[in-house]
Amino acid sequence: MSRLWLIDAGYLFNARHSVRPGYEFSYLKLRHYLERQGPIWRAYYFNASPNPPSDAQDNFHRWLRSGPPYGPKIITQIYPLRQQRADKAYCEECGQKVSLRCQHQEENGAPHRVYNEIQKGVDVGIAFRALSLAAYYETLVLSSGDADLADVVDYLGSSGKRIELAVFRDGVSSELQCRADHIYWLNDVADTLENIREDERASSFEEG
């Protein structure tokens, strides 16, 4: 049974803390664990990072792409982080938008530019791969908690694809859970997946 594994790296990075603070997992061990249920035909890793990426990020992505026995053989798709102005925010108590101001800005000085770095393109990339490769796999293994993917998952499931989630217990939309044929709760096998730096050439620690 052909299986496609699509990974939202930002989700896994943040949700791993549901095991315990500071917990790190190994992508190589995670692939081995998932392949107990059958081989993975192709795996894609989607993330956003600063442009240019750091040397550590480059090394980590190179290791992800490396084949066995040293690496997990995962195709990487990296998007640039986008800047979004953050000069206003919504106050729930007041019921209106309020201005944000840098605490280091002087009263009469030039305004400081306040912005957030946000991840863009990951959910679109996952949806595109899931749909464009649909003729080549029977099972979609999804490591994401994003409810924005519910329509894609619903379409694929209705088209006869088996849907599996490989996720931690935090941050997984119920819209995805109710459409899955099976869920691998990674918290239940956290000890098996834990990254031990002495045993591997690269750390599983990845930027979110």
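A residue is called buried when its relative accessible area is under 20%. This cut-off serves throughout the tour that follows, which concerns a predicted model.

**Stop 1: strand 8.** Select residues 139-143, which form strand 8. Five of the five residues of this strand are buried, so strand 8 is largely enclosed by the rest of the structure. In a regular strand, the side chains alternate between the two faces of the sheet. Colour Thr139, Val141 and Ser143, which lie on one side of strand 8, and then Leu140 and Leu142, which lie on the other; both faces are covered.

**Stop 2: the whole sheet.** Now display the six strands that form an open sheet. In what order do they stand? The order is 3-2-1-8-9-10, and the pairing is parallel. The edges are occupied by strand 3 (75-80) and strand 10 (182-185); each has a single partner strand, so one side of each is left without a neighbour in the sheet. On average, neighbouring strands are turned by 15 degrees against each other, direction ignored. Strands of a sheet pair through backbone hydrogen bonds, either parallel or antiparallel.

**Stop 3: from strand 3 to strand 8.** Select residues 42-49, which make up strand 2; six bridges join this strand to strand 3, and the two run parallel. To locate one of the pairs, select Tyr44, whose bridge partner in strand 3 is Ile75. Continue to strand 1 (3-8), which pairs with strand 8 in the parallel sense over five bridges. Here Leu4 has Leu140 of strand 8 as its bridge partner.

**Stop 4: the helices.** Select residues 27-34, helix 2, which packs on the sheet. Which strands does helix 2 touch? Its contacts are with strand 1, strand 2, strand 8, strand 9 and strand 10, and its direction makes about 145 degrees with that of strand 1. Next select helix 4, residues 122-132, which lies across strand 1, strand 2, strand 3 and strand 8. Helix 4 runs at about 175 degrees to strand 1. Finally, select helix 5 (residues 150-158): together with strand 8 and strand 9, this helix makes a right-handed β-α-β unit.

**Stop 5: strand 9.** Select residues 162-167, strand 9. Five of its six residues are buried, so strand 9 is largely enclosed by the rest of the structure. Strand 9 pairs with strand 8 in the parallel sense over four bridges, and Leu165 of strand 9 stands opposite Leu142. Strand 9 also pairs with strand 10, again in the parallel sense and over four bridges.

**Stop 6: Glu164.** Remain in strand 9 and select Glu164. Is this residue buried or exposed? Glu164 counts as buried because its relative accessibility is 3%. Its bridge partner in strand 10 is His182. Show the side chains of Glu164 and Arg3, which are joined by a polar contact of 3.0 Å. Beyond four places away in sequence, Glu164 touches Arg3, Thr139, Leu140, Val141, Leu142, His182 and Tyr184.

Key. Residues numbered from 1 in each chain as written. Predicted model: local features only at pLDDT ≥ 70, side-chain atom pairs only at ≥ 80, totals over all residues. Heavy atoms only, no water. Pairing = 2+ DSSP bridges. Axes fitted to C-alpha atoms, helices over the stretch in contact; angles between N-to-C directions. Contact = heavy atoms within 4.5 Å. Buried < 20%, exposed > 50% of the residue type's maximum accessible area, 1.4 Å probe, protein only. Right-handed = clockwise from strand over helix to strand, strands pointing away. Polar contact = N/O pair within 3.5 Å; in protein donor to acceptor, adjacent residues only side chain to side chain.
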